[in-house]
Amino acid sequence: MKDSADSHASAPRRIEWPGAPHNMVIVFNPVAGRRRAHLLWRVLDVMVANGIRIDIAETHRAGHAEALAREAARRGETLVVAAGGDGTIAEVANGLMGSGTRLGVIPLGTANVLAHELALPFAPRAVAAALAFGRTRPLWPGIVSGPGGSRLFVQMLGVGFDAHVVHRLSLPLKRLFGRGAYVLQTLRELARYRFAPIRLRIDGEEMQAASAIVSKGRLYAGRYMLAPDAVPAQAGFSVVLFDRAGPGAALMYGAAMPIDMLGRAPGVRHLRASRVEVIGNDTIPAQADGDACGFAPLSVCDAPGPIEVVAG
């Protein structure tokens, strides 16, 4: 099995097993999953031992996971599995939109927010069993559009300080410290970020905040509760506005997160919306599912419809 980890071909590599009950396409992001690649091989060992044929396709650039997933759906594959973090999952989901192909997840990322949101398994044998069994639940993604184009997100879009941290975070630091890298970078950026007010238009009504998170799910940055009213399977968003600005407020919000008080901290507002616009110039950064996604102006709306995610 581990020989396929060293493959650098962009085309899927097929592992044939006589009498296998079905086929599975796995899109693997070796960058996101580098620190946890051993978990992937343990999952694959279990599935192959049970007669499942596997196609493995490694990604080599931004947007490659989307292209690989779209091609798999075009071939008529019934299940495409994203092996990586939330950004990889979002790319694969984008490639599957409108196809009817189901989305599977092997959580290998830093925060794995969507996996926690949907209560997906993490233990290799449980992951393999869930993918083989194939029971699904719907997930209705969002789409953010801006000067650089459009992209799909499966969990949330952040605008303001948290996005600035993501934009400035280096890949080597993230590889070295994992989730701790975000804490280190946050401390670095407290004195650099301007904390300029952000203007938004939420379902046509103009508002202002220091930072904003447009969320499809309840959780943020792992398993921390942020938006308890969010329903991932339905259209619409839970919009969380942070009114307090400055380094002190950022530290307060950061301290509230690990004790699940972020959504109830002072200066936090919760709204439901079907469309959100970020008004402003290119000094306002944004991040989607933990990946940098450009700058304002931005427009956020629902994807055309839900996708089916294998949940066990």
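Pro297 sits in the loop that joins β19 (291-295) to β20 (298-302), and the peptide bond leading into this proline from Ala296 is cis, with omega near 0°. That is worth a look on screen, since most peptide bonds are trans. Please keep in mind as you browse that this is a predicted model. Below are some other places to visit, from backbone turns to helix packing and aromatic rings.

**Backbone with positive phi**

- Most residues other than glycine have a negative phi.
- Asp260 is not a glycine, yet its phi is positive, at about 55°.
- You will find Asp260 in the loop between α9 (247-256) and β16 (268-273), where it counts as partly exposed because its relative accessibility is 33%.
- Asp289 also is not a glycine and has a positive phi of about 55°; its place is the loop between β18 (285-288) and β19.
- Is Asp289 buried or exposed? With a relative accessibility of 7%, under the 20% cut-off, Asp289 counts as buried.
- Gly76, just after α2, takes a positive phi of about 95°.

**Helix α2 and its neighbours**

- Helix α2 covers residues 64-74, and its buried residues are His64, Ala65, Leu68, Ala69, Ala72 and Ala73.
- An α-helix has 3.6 residues a turn, so residues three or four places apart point the same way.
- What do the buried residues of α2 pack against? Their partners are the strands β2 (23-28), β3 (53-58) and β4 (79-84), together with helix α3 (86-96).

**Helix α1 against helix α5**

- Two packed helices are described by the angle between their axes and the distance between the axes.
- For α1 (residues 37-49) and α5 (residues 124-133), the axes come within 8 Å and cross at roughly 50°.
- This angle makes α1 oblique to α5, and the crossing is right-handed.
- On the α1 side, the residues that meet α5 are Leu39, Arg42, Val43, Val46 and Met47.
- On the α5 side, Pro124, Arg125, Val127, Ala128 and Leu131 meet α1.
- The residues of this contact between α1 and α5 comprise eight nonpolar and two charged, with no polar ones.

**Helix α6 against helix α8**

- Helix α6 (residues 161-168) packs on helix α8 (residues 180-189) at an angle of about 110°, and their axes are 9 Å apart.
- Which word fits the relation of α6 to α8? Because angles of 65 to 115 degrees count as roughly perpendicular, α6 is roughly perpendicular to α8.
- From α6, the contact is made by Phe161, His164, Val165, Val166 and Arg168.
- From α8, Tyr182, Gln185, Thr186 and Glu189 take part.
- In the contact of α6 with α8, four residues are nonpolar, three are polar and two are charged.

**Aromatic rings**

- A pair of aromatic rings is described by the distance of the centres and the angle of the planes.
- How many aromatic pairs are there, taking rings whose centres lie within 6.5 Å? The count comes to six.
- In one pair, Tyr193 and Phe195, the ring centres are 4.9 Å apart and the planes are at 75°, so this pair is edge-to-face.
- Tyr193 is buried, with a relative accessible area of 11%, and Phe195 is buried too, at 13%.
- Ring pairs join Tyr193 and Phe195 with Phe161 in a cluster; Phe161 is also one of the α6 residues in the contact with α8.

Notes
Residues are numbered from 1 along each chain as its sequence is written. This is a predicted model: local features need pLDDT of at least 70, side-chain atom pairs count only at pLDDT 80 or more; totals for chains, interfaces and linings use all residues. Side-chain values use heavy atoms; hydrogens and water are left out. Axes are lines fitted to C-alpha atoms, for helices over the stretch in contact, and angles run from 0 to 180 degrees between N-to-C directions. Helices (H or I, at least four residues) and strands (E, at least two) are DSSP runs, numbered from the N terminus. Angles under 35 degrees count as roughly parallel, over 145 as roughly antiparallel, 65 to 115 as roughly perpendicular and the rest as oblique. A crossing is left-handed if the near helix is turned anticlockwise from the far one by less than a right angle, and right-handed if clockwise. Contact means heavy atoms within 4.5 Å. Ala, Val, Leu, Ile, Met, Phe, Trp, Tyr, Cys and Pro count as nonpolar, Asp, Glu, Lys and Arg as charged, and the others, Gly among them, as polar. Rings of Phe, Tyr and Trp (its six-membered ring) pair if their centres lie within 6.5 Å; planes under 30 degrees apart count as stacked, over 60 as edge-to-face and the rest as tilted. Buried means under 20% relative accessible area, exposed over 50%, partly exposed in between (1.4 Å probe, protein chains only).
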